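I opened this notebook to record what I looked up in the structure. The entries follow the sequence of my queries.

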Amino acid sequence: MTVVISAATAPVAVAVGFAALILVVMPGFWEMVRLVDTMAHEGAHAVVGSCLGSRVLSVRLRADGDGKTKLRPGPGAGVTAGVVGYLGPSGFGLAAAGLIAHSQIVPVLWIGVLLLVILLLSVRNLFGIAVVIGTGFLLFSIVHSKNAGLEVVTAYLLSWMLLLSGVRSVLEHGTGAGDAGILREMTGFPRSLWYLLWLIGSIAALVWGSTMLV
């Protein structure tokens with residue numbers, strides 16, 4: 001028998017969102033959240049690049065929150081795979097919010113575990129492997145606990161963190177983002193154009209996601 005877990009009430013959703021905001025803006029907490037943001041960022045590069053015909057050569061995650069994804073060029077994959085990185089956290093957060101809005105709480109967590117397993121196949125440094133395995137094990141343990149309240153809070157917190165961190169990451173890196181430089185070399189369009197695209201996209205995702213979570 002399938003048990004459907006109801007979405008949280010608006011006050012609970014707002015409270016979890018406020019907690020996520022604290023994690024994203026406060027020094028110390030942000031250093032931990034940034035790793036989740038980076039996994040989503042590099043995962044977006046890898047997934048989209050692979051879907052568009054590129055081969056994922058490696059993904060590396062570093063302790064300072066930075067990351068690097070190397071792709072073997074494929075037809076039409078370069079620019080698209082380059083653009084999606086800074087939209088990755090927001091996109092994953094928005095997808096989670098959409099599932100939560102339809103009371104699909106547990107699927108949010110299982111999809112998170114699945115995506116981490118896929119990411120793990122391409123990670124090539126020890127720190128990155130440890131972070132991905134640790135995060136995946138945490139999500140798996142929460143699902144395995146069958147604690148409905150814990151599952152709901154975790155799903156909401158994950159969605160809020162990704163939506164909020166997506167905006168912070170874009171603002172933090174600005175026009176100096178490495179991806180912006182790569183895209184300028186590939187297309188000739190200025191760094192500011194890519195920064196504006198990422199900023200509009202991440203803010204739009206946050207606004208839209210908020211309406212589904214609350």
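Entry 1, a residue in the last helix. I began with Leu 199 in this predicted model. Is Leu 199 buried or exposed? Its relative accessibility is 16%, and because buried means under 20%, Leu 199 counts as buried. I placed Leu 199 in helix 9, which covers residues 191-213. Leaving aside residues up to four places away in sequence, I found that Leu 199 touches Val 170 and Leu 171. I also looked up the spacing to Ser 169: the C-alpha atoms of Leu 199 and Ser 169 lie 9.4 Å apart, although 30 residues separate the two in sequence.

Entry 2, a second residue of that helix. I turned to Ser 202, which is also found in helix 9. Ser 202 has a relative accessible area of 0% and is therefore buried. Which residues does Ser 202 touch, not counting those up to four places away in sequence? I listed Leu 87, Ser 90, Gly 166, Val 167 and Val 170. Val 170 thus appears in the contacts of Ser 202 and in those of Leu 199.

Entry 3, a pair of helices. I next examined helix 6 (residues 126-145) and helix 7 (residues 148-173). Two packed helices are described by the angle between their axes and the distance between the axes. For this pair, I noted that the axes come within 8 Å and cross at roughly 145 degrees. The crossing of helix 6 and helix 7 is left-handed. From helix 6, the residues that take part are Leu 139, Ile 142, Val 143 and Ser 145; they meet Leu 150, Glu 151 and Thr 154 of helix 7. I sorted the residues of this contact into 4 nonpolar, 2 polar and 1 charged.

Entry 4, the chain as a whole. How many helices and strands are there in the chain? I recorded 9 helices and 2 strands. Along the sequence, these elements follow the pattern α-α-β-β-α-α-α-α-α-α-α. The C-alpha atoms fill a box of roughly 50 × 30 × 30 Å along the principal axes. I then looked up the radius of gyration, which is 17 Å; this agrees with a compact globule, because a globule of 214 residues would have a value near 17 Å.

Entry 5, burial and contacts overall. Of the 214 residues, 44% count as buried. The accessible surface of the chain comes to about 10700 Å², and carbon and sulfur atoms account for 72% of that surface. Among contacts between residues at least 6 apart in sequence, I noted that 72% join residues at least 24 apart.

Note on methods: Residues numbered from 1 in each chain as written. Predicted model: local features only at pLDDT ≥ 70, side-chain atom pairs only at ≥ 80, totals over all residues. Heavy atoms only, no water. Axes fitted to C-alpha atoms, helices over the stretch in contact; angles between N-to-C directions. Helix = DSSP H or I, 4+ residues; strand = E, 2+ residues; numbered from the N terminus. Left-handed = near helix turned anticlockwise from the far one by under 90°. Contact = heavy atoms within 4.5 Å. Nonpolar A, V, L, I, M, F, W, Y, C, P; charged D, E, K, R; others polar. Rg over C-alpha atoms; globule rule 2.2 N^0.38 Å. Buried < 20%, exposed > 50% of the residue type's maximum accessible area, 1.4 Å probe, protein only. Areas by Shrake-Rupley, 256 points an atom, 1.4 Å probe, with all protein chains shown as cover.
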